[in-house]
Every structure is written in C-alpha cells, then in structure tokens.
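Trainee: Could we go through this structure step by step? I would like to see how each answer is reached.

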Amino acid sequence: MLDIGFNRSSHDGCVYFKLTEDNMVYLFLYVDDMLVACKEKRHLEQVKEMLKAEFEMKDLGSTKRILGMEIERDRSKRVLRLSQKSYISKVLSRFEMNNVKTVSTPLGQHFRLSITQAPETHEEKRFMERIPYASMVGSVMYTMVCSRPDLAYAVSMIRRYMSCTGKPHWQAVKWLFQYLASPRSLRLVYGGNSKLGTQLQGFVDADYVGNIDTRKSLTGYVFTVFGGVVSWKANLQSMGALSATEAQYMAMTEVVKEAIWLKGITEELAMYKGKVVVYCLNLINMGDC
C-alpha cells in the first residue's frame, strides 16, 4: 500500500489514506478483505487498477456486505445504514432460537448474576456441559462489537461467567437471544439529519459497585458523529472505586482516552476538525461527594 502512494494511519494499522488532487481516498484492510471509499468514482477506478497491478484480486463492485455487516445506501437522502440482519438470522438458526418468544430489553431487570450461581450438584454440571454457552456469547459479542451498541451492557454481564456458568447465567443468555430475535433489523444510521449535526460528542456514565461479586463499578460510554453512533463500550473498571464520584472519574478517564483517539483518527483522515464534547453526570450534585 505504501508503494502505490498510500499513507498508513498512525491510529489504526488497518486504515490507509491517500490524497488524490483535492479528493481523499480511504482504504480499509482486514486480512484479505478490502474496502475502498472516495467521493469520485474515477479515483476509485484508478486505485483498483493500481491494486490489480500488484496482486490478483476480485472486484465485487459497490459494497453491500463486508465481514458479516450489511451496508445500505440512500444516495438521494445522503443516508448510509449499517446492520447485521443476515448474520443475526444465521446465529439464531444455529442455536435453534428462531421461533422463541421475543422480549423488549437485552437483559431483564430481575437478573442478578453472580459467580455464586455456578453449578453445585453433579446433575447441574452435566446439564451445563451440554449448553453451548461460550459459543452463544461469542456470536452475540461479534454482533455487539460491529453494529449493536444496545447489546453492550448485556454482553458485558454474561461474558463474565464463561468459566463458572450456571442455570441463571444460561437463562440470561436465552433472554438476550429472545431480544435479538425481535429487532434483528435494527441499523446504525449515518447522515441525512442536519439537526444532529457533525459534532463528535460522547456520553458517559458509571454504575457504582455494579458487580456484586468483586464490588467493581461499570463504565459505559457512547460516541456519535454525523448523527450516528461510532464507538461504544460497557466494561467493568480495572479497580474498585471508593465512592460513586471516584467511579465517575474513572469512567471519565476511559471516555477521554477514546475521545483523544477518535479526534486523532478523524483529523488524520480529514473527516472532522473541531472540539470533542463529552457529557457526563454532574459530580457536584452527587450525594456522596
């Protein structure tokens, strides 16, 4: 890629970019899958010809699917939609969850998962050995990472018990799949809404002592730009917080690191220049400050 004039991103090793006249060409590489994007088709054709001269490749035309993600465009409204409808359907079929009763939330409020719910009797252990818990969690985790920020908290919860899976954990995974079976066509939408603007902004919060086993708190954040979600996370904090205020500060540390990275890569790719606004809970008004 460097030999044909592309620059490698200093923020992401799989991202390359090249300035052609007054137009930027982006190239995204993942193993043997490649996605090229630019404003003018003639520049796109030039890049493809250069690539064909270097190695054998198959041109699949306008991108409609990549890495299990489906891309839909509405050029008249300048809207792009990203979803994983087909992948979700395959996952549901694989685990025979296509015809389950659907639910409206990723994780029911009644679930209070803990390592103390691990199997104790021989019968319980034999039952759980037949459950493809790790495979189901891994499948839904890929969906969450690519296009479904609404699954982040639930996935963060169920993946903690891969080595001590009990029936309550299995019930939570089934609940998540029941939710996945309902809105499988949910999509991330970018552009087309001038009210949301182009500002890169983040939202962050912390769930103080959210883990009942370790007493660690949870960090959750989401970033949006061009009217759509571009980054999200829901993970336990690396150490215990002594107060809700401290948990919020630790969450802010994580979200600011992500903001710095997002600001760096969007500026490097000439996509966005401006400040990053992060919204968080007002620490001054918290009861235990």
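Mentor: The model is predicted, and the questions below go through a record, a hairpin, some rings, a sheet and one buried residue.

Trainee: Which residues does the UniProt annotation "domain: Reverse transcriptase Ty1/copia-type" cover?
Mentor: This name comes from UniProt, from an unreviewed entry. In the model, the span it marks is 23% helix and 32% strand, with its end C-alpha atoms 49 Å apart. The annotation covers residues 3-107.

Trainee: In the hairpin of β3 and β4, which residue in the turn has a positive phi?
Mentor: Strand β3 (residues 23-30) pairs with strand β4 (residues 33-37) in the antiparallel sense, over 5 bridges. One of the bridge partners is Ala-37 in β4, which faces Tyr-26. The two strands form a hairpin with 2 residues between them, and the turn residue with a positive phi, about 55°, is Val-31.

Trainee: Are the rings of Tyr-26 and Phe-28 stacked or edge-to-face?
Mentor: A pair of aromatic rings is described by the distance of the centres and the angle of the planes. The search of the whole structure finds 6 aromatic pairs. For Tyr-26 and Phe-28 the centres are 6.4 Å apart and the planes are at 15°. Planes under 30 degrees apart count as stacked, so this pair is stacked.

Trainee: Is Phe-28 buried or partly exposed?
Mentor: Buried means under 20% relative accessible area. Tyr-26 has 15%, so Tyr-26 is buried. Phe-28 has a relative accessibility of 31%, so Phe-28 counts as partly exposed.

Trainee: How are the planes of Phe-111 and Trp-175 arranged, stacked or edge-to-face?
Mentor: The ring centres of Phe-111 and Trp-175 are 5.7 Å apart, and their planes are at 80°. Planes over 60 degrees apart count as edge-to-face. The pair of Phe-111 and Trp-175 is therefore edge-to-face.

Trainee: How many residues apart are Phe-111 and Trp-175?
Mentor: Phe-111 sits in the loop between α2 (85-94) and α3 (122-129), whereas Trp-175 belongs to helix α6 (residues 167-181). Phe-111 is also buried, with a relative accessible area of 15%. The pair links distant parts of the chain, and its two members are 64 residues apart.

Trainee: Which residue lies over the face of Phe-127?
Mentor: Here the partner of the ring is a charge, and the cut-off is 6 Å from the ring centre. At 4.9 Å from the centre of Phe-127, the residue over the face is Lys-167.

Trainee: Which are the edge strands of the open sheet of 4 strands?
Mentor: The order is β11-β10-β9-β12, with mixed pairing. Strand β9 (residues 201-207) runs antiparallel to strand β10 (residues 218-225), over 7 bridges, while β9 and strand β12 (residues 277-279) are parallel, over 3 bridges. An edge strand pairs on one side only, and this holds for β11 (228-236) and β12.

Trainee: Which helix packs on the sheet?
Mentor: The helix in question touches β9, β10, β11 and β12. Its direction makes about 30° with that of β10. The helix, residues 244-268, is α7.

Trainee: Is Thr-266 buried or exposed?
Mentor: Thr-266 is in helix α7. Leaving aside neighbours within four places in sequence, Thr-266 is in contact with Leu-200, Met-271 and Tyr-272. The relative accessibility of Thr-266 is 11%, so this residue counts as buried.

Terms used. Residues are numbered from 1 along each chain as its sequence is written. This is a predicted model: local features need pLDDT of at least 70, side-chain atom pairs count only at pLDDT 80 or more; totals for chains, interfaces and linings use all residues. Side-chain values use heavy atoms; hydrogens and water are left out. Rings of Phe, Tyr and Trp (its six-membered ring) pair if their centres lie within 6.5 Å; planes under 30 degrees apart count as stacked, over 60 as edge-to-face and the rest as tilted. Buried means under 20% relative accessible area, exposed over 50%, partly exposed in between (1.4 Å probe, protein chains only). A charge sits over a ring if NZ of Lys or CZ of Arg is within 6 Å of the ring centre and within 35 degrees of the ring normal. Two strands pair if DSSP finds at least two bridges between them. Contact means heavy atoms within 4.5 Å. Axes are lines fitted to C-alpha atoms, for helices over the stretch in contact, and angles run from 0 to 180 degrees between N-to-C directions. UniProt positions are given in the numbering used here, feature names are shortened, and annotations may be inferred rather than shown by experiment.
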